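Reader: I have a structure to go through with you. Can we take it by question and answer, starting with the charged side chains?

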Amino acid sequence: MAQETDINIQETFEAATPHNQQGIRAHNQAVILAAAEEEFVLQGFGGATMQSIADRAKLPKANIHYYFKNKKNLYQMVLHSIIQEWNDGLVTMTVDSDPKVVIEKFVRTKLHQAFANPNRHKLFALEVIGGAPHLHNFMSTTMKEWAIDKAKVMKVWHEQGKIGIADPLQLLILIWATTQRYAEFETEIVGLMEKTDYDQQDETRAADFLVPFILRGCGLE
């Protein structure tokens, strides 16, 4: 009965403010997704519960169910929001693009995403380590197609003498590995730097090292 009451209150509130309905829904969903993201990182999919997510979001459990029917649905939406953010930041490149500009932008974009939202990389890594049961379709289609497309462009760059990398897939893997590690192994890295958290200069420090290092490896000094 209490759960039904909470849901009815939510529905009535949104219906009573039609001009704000979309904004209220977006805000509530964002709060829930952020709480779920953190809870899934800390507890894993198996350990997280709708109640623990509700507690972290400081919302009634019924509100969570109002927007997301079950934990699996909520988990998939969290993963979808992560992928959407990454897709929005993907670098556009063609055979006519300047390799130096494209590669530098890609490295800096990946680094910024890692420093800005480390939990998203941690959750993605946990999903992949677990065999990617909820991301199998994405990884075998969208991600694979994106990588193949970029590799083809870089292969042409190599044939044209624009870059010195003959195996572009290895370059993509290197960029992913070096940039995403700052997020996935945040605790290790801040510990090595004798800190407890990253500061505003750490992203710049990482970029200033990685960008010229990777460009040199591509023959793009």
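**Salt bridges and packing**

Reader: How many salt bridges does the structure hold?
Author: This is a predicted model. Its salt bridges come to a total of ten.

Reader: Which side chain meets E39 in a salt bridge?
Author: E39 sits in helix α2, residues 21-47. Its partner sits in helix α3, residues 50-57, and is 17 residues away in sequence. The N to O distance is 2.6 Å, and the partner is R56.

Reader: Is E39 buried or exposed?
Author: The cut-off for buried is under 20% relative accessible area. E39 has 6%, so E39 counts as buried.

Reader: And what class does R56 fall into?
Author: Partly exposed covers the range between the buried limit of 20% and the exposed limit of 50%. R56 has a relative accessible area of 32%, so R56 is partly exposed.

Reader: Stay with α3. Which of its residues are buried, and what covers them?
Author: The buried residues of α3 are M50, S52, I53, A54 and A57. Their cover includes α2, α4 (61-67) and α5.

Reader: Which residue just after α3 takes a positive phi?
Author: The phi is about 60°. The residue is K58.

Reader: Now K71. How far away is the nearest side chain of opposite charge?
Author: K71 is placed in helix α5, residues 71-88. K71 is buried and has no salt bridge. A salt bridge needs N and O within 4 Å, so the nearest candidate falls outside the limit. That candidate is E39, at 9.7 Å.

Reader: Which backbone oxygen lies 2.7 Å from a polar atom of the K71 side chain?
Author: Set aside neighbours within four places in sequence, and K71 is in contact with F40, F45, G46, A48, T49 and M50. One of these also supplies the backbone oxygen at 2.7 Å. The residue is F45.

Reader: At what angle do the axes of α5 and α7 cross?
Author: Helix α7 spans residues 118-129. The axes of α5 and α7 come within 11 Å. The crossing is left-handed. The angle is roughly 115°.

Reader: Which residues of α7 make that contact?
Author: From α5, the contact uses Y75, V78, L79, S81, I82, E85 and W86. From α7, it uses R120, H121, L123, F124 and E127.

Reader: Which residues are linked with E85 in a network of salt bridges?
Author: E85 of α5 and R120 of α7 are both part of the helix contact. Both also belong to the network, along with a further glutamate. The residues linked with E85 are R120 and E37.

Reader: How many residues apart are E104 and R108, which form a salt bridge?
Author: Their closest N and O atoms are 2.9 Å apart. Both lie in helix α6, residues 99-116. An α-helix has 3.6 residues a turn, so residues three or four places apart point the same way. E104 and R108 are about one turn apart, and the separation is four residues.

Reader: D202 forms a salt bridge with K195. Which class of accessibility does each fall into?
Author: The closest N and O atoms of the pair are 2.8 Å apart. D202 has 5% relative accessibility, so D202 counts as buried. K195 has 27%, so K195 counts as partly exposed.

Methods
Residues are numbered from 1 along each chain as its sequence is written. This is a predicted model: local features need pLDDT of at least 70, side-chain atom pairs count only at pLDDT 80 or more; totals for chains, interfaces and linings use all residues. Side-chain values use heavy atoms; hydrogens and water are left out. Helices (H or I, at least four residues) and strands (E, at least two) are DSSP runs, numbered from the N terminus. Buried means under 20% relative accessible area, exposed over 50%, partly exposed in between (1.4 Å probe, protein chains only). Lys and Arg count as positive and Asp and Glu as negative; His and the chain ends are not counted. A polar contact is a pair of N or O atoms within 3.5 Å; within protein, one must be able to donate a hydrogen and the other to accept it, and residues adjacent in sequence count only if both atoms are side-chain atoms. Contact means heavy atoms within 4.5 Å. Axes are lines fitted to C-alpha atoms, for helices over the stretch in contact, and angles run from 0 to 180 degrees between N-to-C directions. A crossing is left-handed if the near helix is turned anticlockwise from the far one by less than a right angle, and right-handed if clockwise.
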